[in-house]
Amino acid sequence: MPLSSYIGGNARRGNLWPNSLLPTLSPTPTKSKHPSRKSRKRTALINFIFTNFFVIALSISLCFLFITILLFGIPNPLLSSPFKSKPPPYHRVRSRKPTQSDNSYRNSSNNFNRKEDGAGATVDITTKGLYDRIQFLDEDGGPWKQGWRVSYKGDEWDSEKLKVFVVPHSHNDPGWKLTVEEYYDMQSRHILDTIVHTLSKDPRRKFIWEEMSYLERWWRDASVEKRESFTNLVKAGQLEIVGGGWVMNDEANSHYFAIIEQITEGNMWLNDTIGVVPKNSWAIDPFGYSPTMAYLLRRMGFENMLIQRTHYELKKELALQKNLEYTWRQSWDTEESTDIFTHMMPFYSYDIPHTCGPEPAICCEFDFARMHGFNYELCPWGKHPVEINQENIQERALKLLDQYRKKSTLYRTNTLLVPLGDDFRYISIDEAEAQFRNYQMLFDYINSNPSLNAEAKFGTLDDYFQTLREEADRINYSLPQEVGSGQIGGFPSLSGDFFTYADRQHDYWSGYYISRPFFKAVDRVLEQTLRAAEIMMALVHGYCQRAQCEKLATGFAHKMTAARRNLALFQHHDGVTGTAKDHVVQDYGIRMHISLQDLQIFMSKSIEVLLGIHHEKSDHSPSQFESAQVRSKYDVQPVLKVINVREGTSQSVVLFNPLEQTRDEVVMVIVKRPDVTVLDSNWTCVPSQVSPELQHDNSKIFTGRHRLHWKASVPAMGLQTYYVANGFAGCEKAKPAKLKYFSMSNSFSCPAPYACSKIEGGVAEIQNQHQTLTFDVKLGLLQKVTNTDGSMNVVGEEIGMYSSVGSGAYLFKPNGHAQPIIEVGGHVVIFEGLLVQEVYSYPKTTWEKAPISHSTRIYNGGSTIQELLIEKEYHVELLGQDFNDRELIVRYKTDLDNKRIFFSDLNGFQMSRRETYDKIPLQGNYYPMPSLAFMLGSNGKRFSVHSRQSLGAASLKEGWLEIMLDRRLLRDDGRGLGQGVMDNRPMNVIFHVLFESNISSTSDPVSNPLPLSPSLLSHCVGAHLNYPLHAFVAKNTHELSVQPPPRSFSPLAAPLPCDLHIVNFKVPRPSKYSQQQIEDYRFVLILQRRHWDTSYCRKGRSQCTSVANEPLNIFNMFKGLEVLKAKATSLNLLHEDIEMLGYMEQVADVGQEGHAFISPMEIQAYKLVLRPHQ
C-alpha cells in the first residue's frame, strides 16, 4: 500500500517541544449563557420535583436496574485495572476504548485459573499474520536497499515540531573475537573512562550503557573519584543504564531460568552499588527476539524495550504501516497485563550509517569517528565525514536533518530516536570529542532556525520514551478500529516472536541455533546444577542453625556468585549462540567447568548437613561424598564414577531430587563388578538390573564395566540414600539383562556374565506394559511404536546430513535437502532386562568411523513417568575433515497429517506455532528448539520430542520433524567472526519422545493461529529431563556389619501440584546473609504455574495427584520450617508495587495468609522470612 495512504491519517498537532515534558491540559470550553424566561408552570414543576426528589430518583434507579437484569442477567464483578498505581506524568494510563474484538477484561472469578484453552490475546498484528501477508520478494529499494525511496511533503512538522534524540552508545560484547577480559583490558575500560571524562565536561552530553559484566569489572579498578563521577552522571540523567543485565542475552537458545538469573544479577549489583534500577531495555544485537523476553521484562518493572535484528521484510512491512512501535502482548494474555511498549529500529544495522536515516551513504558522512586520524574503516560509499565549521554547517545540518525527517515518516509520532554508536566505540577522548563537538554544532544550527520546525539534542533512551509518551498522550495517533493497549494510546498491539532472522537476501540466521552444541549442553547442565545448589544453600540456611552450617554456606557465597555470573556471561548473544572465536569459546567453557566443580563440592557438603551427618573435625574437612558425574576437563563428556565394592562391604549413593514433586524413577550407576545388590536406607532389598556399559567404538563396543539400574523414590526437593552392596545375605543380586545382537562382520563377543543370542529376521522389538517398539535391524533405526490397545504410530527414524558450503557459525545455507547416511550392515545390540529394554546401534556409513551411534530405551518399574516415554540417546562425533561443511540431523517421518505445522518452545517457557512456507527457503523454515517440539495430527495424536539442550528444528514435509544435532563448517559466513566452526567435541544428545492421544476434541492447528500448550504429562517429562536427579557417591566403602540409621531428608509438607514449578528457592545475597537479621527477607521463592492442554489426560497418566486449582499456601509449604513473613516482588527482586508489574491484585495478598495466587503461564517471586519451627 502506498505510503501516502498513511500520512494523511496521522496529522501531527499540539504544543511546541520545550513545554512538552509537562502534561498539558486543554482549556475547558466555555458555554454561552442565554438567559431564559421561567414560566410559573415550570416553576411549579421544579418545586414538585425538588420536594419528591429522593422518591423519584429511587423509582427511576430501580426501573433501570430491573431492565438491565432482564436484558443482560446479573453482572459479575468487573476486573479491576492492572495499572491502578499512579504512574509518572509521562506514563499516564489511557482509558480503554471498547472495540468489538476487545475481550481484554474477564470476570474476576476466572482470574486465578485464566488462560482457557483456545483463548488468546486480541491484537492488531501477529507475526504469523505478517508472514502470511509478506511475499518475501527482496525488492531493491534504492538507497535504502531493503525499503523504498522515502520522501515527505514538508508540512508534517508544522503543528508538532520534530524532536530528535541522538543517543550515543557503545556496544560491548562480553566475548566474541576476544575474551571478556581481553576486551576489557584493550577496550571497555578505556570506553568507560572516556564516558566519565567527556560527559562531565558538558551537561548537554548524554550516553547509555548496557552490560553490567564490564561495568562491575571497571568499578573494581576505578578510583573513588571516578566512581563518584559515574554515579553523579547517572543520578543527573546524563548517563542511563539500559537493560542492566550482566549481558545482553541471546533470545533463541537461552532458557528463561538463565535469562532471569542474568538480568537479576546485573540489576541487583547495579542497585546495590549505584542505587538505580533500569526501566528501559536495549537489545540491539541478539539475532531475533522472543516474547518471553518481553514478558520477563514486564514482570521486572521495565516500561519500554528496544529491538533491532528482525527480518528485513518484516521491518519493511511494519514501516510501511507505521507500526514499528507497538505494545508487545503475550499470545495467551486476554487482559493486557503483559503489555510492554516496544520500539523496533527500522534499518539493516545499529551502526551509524544505518541509524540516522534511510540512506546509509549519507549517514556515514556523519560518523565523525571515521574521519582520517582514527582507526575505524572509512565509509565504503566513498564520501567521508569532514569536520563541521562555519563554512559547511548549513549544508551539513540540512543534509542530516533531511535524513532525520525521512526516518521520522516511518513512525507515527514526531519524536525521533537516532542511536549514535557501534561496537566498542568512544574508546578515546579524541574520538568522543569528535562526535560530541561536531554534533553539538549541528544541533545548535538546527535549533536556532525556527523555520526548520525541528529540535535536536543528545538524549538517553529514557529521554526519548518519556517525550514520546507525552506526545502520544496529547495527540491521538490511534487508527480506526485499532485494539491498541490500555497502557499507552496511539500504537498497535502485537503478539508473536521474531524468528528466524534474515539480514539480507536468503541469509537466514538459523545456524546459530545449533552451533557449538557441546557447550549449549554444558550451559544447561550448569543451569540445573546452579538451581540445585541454590535450593540446597537455602535449605542449609533454613534448617541448620549451627555455626558450622552458616559458615559452610557463607564461606561458599563468593563461589555461588561466581557461578551465577559465569552462567550469566554465557547467555551473551555470542556465548550460548556458539558464535565466538575458538579461544573465546574455550574461556566460556573453562569458566562454566570451574563453577560446575565448585557447585558439586558445595552440594556434597550440604548433603551431610541435611542428612544430619556430623563431622567431629573442622568445617574445612573434605566431604564424605562426591558427585557421581565427573568431568575431567572443560571440553569432555562427563563420566560416571565407577563404584567398586569388595565382598562384605557397601557404598552409599545419595540422590537429590531438585523438583517439587516426589520422584519415582529408574536410576543408573556404573559398577566394576556385576554381582552386587541394592538396598534402600532401611536396608530393605531393592530389585535391580545389571547390563554391560557401552562406548562409541566399532571395534570394542563394551567397556568391561557394568550399568546398575534400580527404581528409586526420592521426596520432593529432598534426599534419599541407597546402598550398593556386595555379599549382603538375604537379597537377590542384580539381575543380568539378556543380550541379542546383529552384526554382519561376525566379530561380536559376548561379555561375561551375560547370556547372548543372535537376532533372527529383519525386524526386532522391545516392549514394556505400555508400548512395543519395532526396529529395522539392518539399519538399526526405529520404525514404529504400537500401543497396548493395538493402535500404531509410525516413527520412521532417519539420520541424514546436509552438505553446506555456504553455512557458517550464524547462517545455515544448505545445498538441497539432507541425505540419509545410514547403510545396511552396522552393529545392533538389544538388552532385555527387568527395568530397562534398550536397542543400541553402531551404524554402517560411508565413513570408516561413523559420526553417530545411538540407543533407544524404554523403562519398566510401575508408576514412573519413564515408562510412558521413549528415550533416544545420540552419541555424535563430527570430527575430522571428512565432515567439513556437513550438518548432521535426525528426522522422524511420522504418519501425522500435520500440514507442515509444528510447535517449538521459546526459552523453555512457552510454545510458538511454526508453519513451513514455500515462499521462504529451507533455512528460513528452521526454528529454535531450546527444549521441546511437537506435531499434531487431525486425529488429535501428538508426537513430542523433549531435549535437554538447545537445538534447531523444522517440519519440511508432511509428518516430518527434523532436528539438527551438530554442524562442522570450514568457512566464515561473512558476519564478522572471521572463522568457521571446526572445534567439534564428542557429545551425547538425549531426547525424550512421547506419543499421546487426545481424550477430548483438540484445537485444529491449521485454522487456529495460536500456539498450543504441552499436555500435563509432557510438562512432567520435560521437567524430569531438564532437572535430573543429582547422585552423590560415598568416597569410602563400609563394612556390611555396620549399618547406619535410615538417612533421608524431606523438606516439603506435601509435594506441590503438578502444574506448579519452583523456578528457584534461594538466598539472593549469600555474602550478606550473616549480616542480616532473622526478621529480614533473606530468602526468595520463585514459582511458575504451567499451562497445559486439557485435551490430553489430566493426570498425565503419571503420579500426578493434584493440579493448582487452589492458591498455594506458602506459610504451610515447608515441614519443620516456619515462614514468618512473605511478600510478592518483581522477578528481578527490586520492585514491590505488584500492580505496576501487571500482576492481578490478589498477588499482593500473600502477606496476609500466605496464599500465592498464580494464574497459568505466570512466574511470580516472593521474598520470605524463614526460621526453623520453635
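**View 1. An open sheet of 11 strands with mixed pairing.** The strand order is 27-26-34-35-36-37-46-43-42-39-40. Two strands are taken as paired if DSSP finds at least two bridges between them. Strands (E, at least two residues) and helices (H or I, at least four) are DSSP runs, numbered from the N terminus. Strand 27 (756-758) and strand 40 (910-915) are the edges; each has a single partner strand, so one side of each has no neighbour in the sheet. From one strand to the next, the twist averages 20 degrees. The model is predicted, so local features need pLDDT of at least 70 and side-chain atom pairs count only at pLDDT 80 or more, while totals for chains, interfaces and linings use all residues. Residues are numbered from 1 along each chain as its sequence is written, and side-chain values use heavy atoms, with hydrogens and water left out.

**View 2. The pairing of strand 26 with strand 27.** Strand 26 (residues 738-742) runs parallel to strand 27, and three bridges join the two. Opposite Lys 740 stands Ser 757 of strand 27. The loop between strand 26 and strand 27 contains Pro 753. The peptide bond from Ala 752 to Pro 753 is cis, with omega near 0 degrees.

**View 3. Helix 19 across three strands.** Helix 19 (residues 1016-1026) lies across strand 42 (932-936), strand 43 (942-947) and strand 46 (987-996). Helix 19 runs at about 165 degrees to strand 46. Axes are lines fitted to C-alpha atoms, for helices over the stretch in contact, and angles run from 0 to 180 degrees between N-to-C directions. Contact means heavy atoms within 4.5 Å.

**View 4. An open sheet of six strands with antiparallel pairing.** The order here is 33-32-38-45-44-41. Strand 33 (819-820) and strand 41 (927-929) stand at the edges with a single partner strand each, so one side of each is left without a neighbour in the sheet. Strand 38 (residues 886-893) and strand 45 (residues 960-968) run antiparallel and are joined by eight bridges. Arg 891 stands opposite Glu 962 in strand 45.

**View 5. The crossing of helix 6 and helix 7.** The axes of helix 6 (residues 212-221) and helix 7 (residues 224-235) come within 8 Å and cross at roughly 140 degrees. The two helices are therefore oblique to each other; angles under 35 degrees count as roughly parallel, over 145 as roughly antiparallel, 65 to 115 as roughly perpendicular and the rest as oblique. Helix 6 contributes Leu 215, Trp 218, Trp 219 and Arg 220 to the contact, and helix 7 contributes Lys 226, Arg 227, Phe 230 and Thr 231.

**View 6. The disulfide between Cys 364 and Cys 379.** A disulfide is a covalent bond between the sulfur atoms of two cysteines. Here the term covers a pair of cysteine sulfur atoms within 2.5 Å. For Cys 364 and Cys 379, the S to S distance is 2.0 Å. The torsion about their S-S bond is about -100 degrees, so this disulfide is left-handed. Cys 364 is in helix 11 (residues 360-364), and Cys 379 is 15 residues away in the loop between helix 11 and helix 12 (393-408). A search of the whole structure finds five disulfides.

**View 7. Backbone details at Thr 500 and Phe 424.** Phe 499 and Thr 500 are joined by a cis peptide bond, with omega about 0 degrees. Thr 500 lies in the loop between strand 11 (493-495) and strand 12 (502-504). Phe 424 is not a glycine, yet has a positive phi of about 50 degrees. Phe 424 lies in the loop between strand 9 (415-423) and helix 13 (429-447).
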